[in-house]
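Please look through the sequence and the model before reading on. The paragraphs below go from one charged contact outward to the rest of the chain.

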Amino acid sequence: SEVLRAYGLPILESKVVQSAEEARTFAAETGCPVVMKVISDDIVHKTDVGGVVLDVATPDQAALEFDQMMKRIGDSVPDARIKGIMMRKMIPAGEEVILGLKHDRVFGPVVMFGLGGVFVELLKDVRFGVTPVDPATIERMISGLKGSALFGSFRGRAARDMASVRECIGRLSQLAAECPQIEELDINPLIILEEGKGSFAADARIILKNNT
């Protein structure tokens with residue numbers, strides 16, 4: 001995530017906290033509301049055991065939720081090994097898209113953009129651009145999606161902030177040129193808010209080339 005931040009990509013800061021006091025401090029420094037989620041390989045369905053809390057409004061509430069979550073999980077899954085509770089700032093709902101970077105054997109680094117979230121596997125609505133991508137290519141990648149109408153305004157809903165998406169695609173292209181050791185990169189989802197409010201990467205994954 002530090003690499004993505006260095007290139008100006010809007011990564012949400014997250015931290016795994018180990019105590020109620022750490023939870024309070026993170027919420028105070030990051031700003032509320034925040035999301036809290038238990039981190040444990042022994043718990044598959046975290047929501048079912050009370051391991052996910054959304055919209056935590058104050059630092060004091062974050063501290064309280066930490067203690068209550070640990071108690072709930074201790075009662076329902078007493079043998080679970082808990083690594084901590086992951087916290088990050090909560091952002092409003094928006095349109096979910098996927099941004100990616102892949103090294104193609106023929107074309108070299110290729111940027112990918114498409115519908116994300118629950119649609120990524122269902123619709124496979126994605127477009128590709130060989131880096132470095134220029135503004136015209138970025139426009140073709142966005143407008144070429146079958147679901148591109150989702151980014152506009154309709155039925156009283158504001159248009160999505162596509163200027164921030166264009167910037168993200170351009171920065172990803174720059175990253176591809178300057179970091180050739182990256183084999184694959186996925187930002188899924190990138191959440192696009194209303195026009196003027198930006199976009200935020202909720203999750204990212206980077207795979208480096210194996211040069212051995």
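With which residue does Arg24 form a salt bridge, the closest N and O atoms being 3.1 Å apart? The partner is Asp60. The two residues belong to distant parts of the chain, with Arg24 in helix H2 and Asp60 in helix H3, 36 residues apart. The model is a predicted one, and every distance here is computed from it.

Arg24 also has a salt bridge to Glu21, with 2.6 Å between N and O. Here the partners are three residues apart in helix H2, so about one helical turn separates them. Taken together, Glu21, Arg24 and Asp60 are linked in a network of salt bridges. As for solvent, Arg24 is partly exposed because its relative accessible area is 28%, and Glu21 is partly exposed as well, at 46%. Asp60, at 52%, counts as exposed, because the cut-off for that class is over 50%.

The salt bridge between Arg24 and Asp60 sits where two helices meet. The axes of helix H2 (residues 20–30) and helix H3 come within 7 Å and cross at roughly 145°, and the crossing is right-handed. On the H2 side the contact is made by Ala20, Ala23, Arg24, Ala27 and Ala28. On the H3 side it is made by Pro59, Asp60, Ala62, Ala63, Phe66 and Asp67.

Helix H3, which covers residues 59–76, also contains Glu65. Glu65 is buried but has no salt bridge. Its nearest side chain of opposite charge is Arg72, 4.4 Å away; that distance is beyond the 4 Å limit for a salt bridge, so the pair does not count as one. Setting aside residues up to four places away in sequence, Glu65 touches Met36, Val53, Val56 and Arg72.

In total, the structure holds 12 salt bridges. Another of them joins the side chains of Asp186 and Arg205, at 2.4 Å from N to O. Asp186 lies in strand E8 (residues 182–192) and Arg205 in strand E10 (residues 204–208), so this salt bridge ties together parts that are 19 residues apart in sequence. Asp186 counts as buried because its relative accessibility is 16%, whereas Arg205 is partly exposed at 40%.

Aromatic contacts are next. How many aromatic pairs does a search of the whole structure find? The search finds one. The rings of Phe113 and Phe151 have centres 6.1 Å apart and planes at 45°, so the pair is classed as tilted. Phe113 is in strand E6 (residues 108–115) and Phe151 is in the loop between helix H5 (135–143) and helix H6 (162–178), which places the two 38 residues apart. Both Phe113 and Phe151 are buried.

Strand E6 also contains Gly108. Gly108 counts as buried because its relative accessibility is 11%. Apart from its neighbours within four places in sequence, Gly108 is in contact with Lys102 and His103. Val17 is 91 residues from Gly108 in sequence and 40 Å from it in space, C-alpha to C-alpha.

Finally, the chain as a whole. The protein chain has six helices and 10 strands, and its C-alpha atoms fill a box of roughly 55 × 55 × 35 Å along the principal axes. Of its 212 residues, 41% are buried. Among contacts with a separation of 6 or more, 60% are between residues 24 or more positions apart.

Technical notes
Residues are numbered from 1 along each chain as its sequence is written. This is a predicted model: local features need pLDDT of at least 70, side-chain atom pairs count only at pLDDT 80 or more; totals for chains, interfaces and linings use all residues. Side-chain values use heavy atoms; hydrogens and water are left out. Helices (H or I, at least four residues) and strands (E, at least two) are DSSP runs, numbered from the N terminus. Buried means under 20% relative accessible area, exposed over 50%, partly exposed in between (1.4 Å probe, protein chains only). Lys and Arg count as positive and Asp and Glu as negative; His and the chain ends are not counted. Contact means heavy atoms within 4.5 Å. Rings of Phe, Tyr and Trp (its six-membered ring) pair if their centres lie within 6.5 Å; planes under 30 degrees apart count as stacked, over 60 as edge-to-face and the rest as tilted. Axes are lines fitted to C-alpha atoms, for helices over the stretch in contact, and angles run from 0 to 180 degrees between N-to-C directions. A crossing is left-handed if the near helix is turned anticlockwise from the far one by less than a right angle, and right-handed if clockwise.
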